[in-house]
Amino acid sequence: MKIDLTNLPIIDAHCHRFCPQRENPCFPKIAGSGFEQPLENYKNTLLYGMLIDRLRVFLGLPEGATDDEVIAARNEFYHRDPKGYFGKMTEETKTEIYCAEIGSPLTGKPYQPDEIAFYNSVIPAEKRRNIVRVERLFDSLVEEALPFGEFIAEFHKRIDEQIKEENAIALKTVIAYYGGLEVEIVDDNSAKTAYENYLKDPTNKVVSKRIHDYMVAMGLDACKRNDIPMQIHTGMGECTMINMLTLSPAYLYPLFTDPRYLNKVKIVLLHSGYPYVELTGYLVNQFPHLYTDISSVVPFASIGAAEKFLNLVERAPVNKIQFGSDSGGFPELAWFGPIYFKEELAKALQKLVDEKVVSYNRAMEIAKMVLYDNAKNIYTRL
Ligand SMILES: [Zn+2]
């Protein structure tokens, strides 16, 4: 029997909000981030071509419709009836829950009330869940320049409040963007000194990294206290801001083996650590409290999705992997990600069935786990 996952429900366990004000007005830039490039470079990515082809069909345009016609039709529909536009997409993807990391974007102003209202008007409340970012709280709290002891007490108080108010299913850290994944275990005294020096000069990279490393541990303490997982960005990211020398999740070894957290807090190594996918599978295999997701690999690794999934399950137990789109800014990413992943996952599982690695029934069971059940088990507040 041929594997077809089209109609299975799906949980998007890691995504970001979108709204028209936040998307790049130049649609082809949906396919890339990083330093500004000539337009033709975005248009020449496989991902852009794949997206346009799908959108052409989605919008009911003839095969010969040009890219510009597709983009114009998309703009017209989305801006005229955003709820209808995204509702049609959700109907196709069968996404039941969107877990949005609400600290985005990476830097600059967080989503403003009108932007949040837009997002909330497009996705019904019962489909929305939130993930709170550690660094956003740090950035706002540090402006109050409290003495260190008070700062830490206030951090814990406010993060607990945020978790409650937002009904957060997890915390997230983007420490990769605040000095890199080589997170040091910082004792309280060194943290105090780093914090005080940071207040004097936030551009000092050494003290900035030290205090941010310390805050990751504070975030893990909050996860433990609230019994929720921590999502950690690992692998490739926005090259203008990320520490590209420490993308591998193995750099987090001192952190996740710290006796305060080892087997005590669930840690989700986001993005399969791409391109360190096999390594991520190995880590997830070795440590009971480590999990991973396929977000960002899908859709940004374009044709790599099926192969990367197979690389991951070489070692990773299949009950520790969830789907996520890492979509944000543009609604199309939250649609194309799940649609495409279902096709690629079907392809990967079909290969395993054909090679008699697993039975058809087991393949379907794995699909349901990765698309839905695992997220429910890992994020118990879902
Ligand atoms: Zn993300």
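**Questions about a core, a sheet and some backbone angles**

Trainee: Which residues have the most contacts inside the largest nonpolar core?

Mentor: In this predicted model, the largest nonpolar core has 114 residues, and those with the most contacts inside it are Ile131, Leu171 and Leu345. Helix H14 (residues 331–354) supplies the largest share of this core, 11 residues.

Trainee: What does Leu345 touch, not counting residues up to four places away in sequence?

Mentor: With those residues left out, Leu345 touches Leu5, Phe309, Ala367 and Val370. A touch here calls for C-beta atoms within 7 Å. As a background remark, nonpolar side chains tend to be buried together in soluble globular proteins.

Trainee: Why is Asn263 called exposed, and why is Ser302 called partly exposed?

Mentor: Asn263 has 12 other C-beta atoms within 10 Å, and a residue counts as exposed at 12 or fewer, so Asn263 is exposed. Ser302 has 17 other C-beta atoms within 10 Å, which lies between that limit and the 20 needed for a buried residue, and therefore Ser302 is partly exposed.

Trainee: What is the sign of phi in Asn263 and in Ser302, and where do these residues lie?

Mentor: Phi of Asn263 is near 60°, a positive value in a residue other than glycine, and Asn263 is found in the loop between helix H10 (253–256) and strand S6 (267–270). Ser302, likewise not a glycine, has a positive phi of about 40°, and its place is the loop between H12 and H13.

Trainee: What is omega at the cis peptide bond of Ser104 and Pro105, and what is omega at that of Val298 and Pro299?

Mentor: Omega is about 5° for the bond that joins Ser104 and Pro105, and omega is about 5° for the bond that joins Val298 and Pro299. Pro105 lies in the loop between strand S2 (95–101) and helix H5 (113–122), whereas Pro299 is found in helix H12 (residues 297–300).

Trainee: What makes S1 and S9 the edges of the sheet?

Mentor: The open sheet has eight strands in the order S1-S2-S3-S4-S5-S6-S7-S9, with parallel pairing. Strand S1 (10–15) and strand S9 (321–322) each have a single partner strand, so one side of each is left without a neighbour in the sheet.

Trainee: How do you know that S4 and S5 are paired, and how many bridges join S5 to S6?

Mentor: Pairing calls for at least two bridges; strand S4 (residues 170–173) and strand S5 (residues 230–233) have three, in the parallel sense, so S4 and S5 are paired. Thr173 has Ile232 as its bridge partner in S5, and Ile232 in turn stands opposite Leu269 in S6. S5 and S6 run parallel and are joined by four bridges.

Trainee: What makes you say that both faces of S6 are covered?

Mentor: Ile267 and Leu269 on one side, and Val268 and Leu270 on the other, are all buried. In a regular strand, the side chains alternate between the two faces of the sheet.

Trainee: Why is the contact of H11 with H13 called a mixed one by class?

Mentor: The axes of helix H11 (residues 277–286) and helix H13 (residues 305–313) come within 7 Å and cross at roughly 35°, and this crossing is right-handed. Val277, Glu278, Thr280 and Gly281 of H11 meet Lys308, Asn311, Leu312 and Val313 of H13. By class, there are three nonpolar, three polar and two charged residues in this contact.

Technical notes
Residues numbered from 1 in each chain as written. Predicted model: local features only at pLDDT ≥ 70, side-chain atom pairs only at ≥ 80, totals over all residues. Axes fitted to C-alpha atoms, helices over the stretch in contact; angles between N-to-C directions. Helix = DSSP H or I, 4+ residues; strand = E, 2+ residues; numbered from the N terminus. Left-handed = near helix turned anticlockwise from the far one by under 90°. Contact = placed C-beta atoms within 7 Å. Nonpolar A, V, L, I, M, F, W, Y, C, P; charged D, E, K, R; others polar. Core = buried A, V, L, I, M, F, W, Y, C linked by C-beta atoms within 7 Å.
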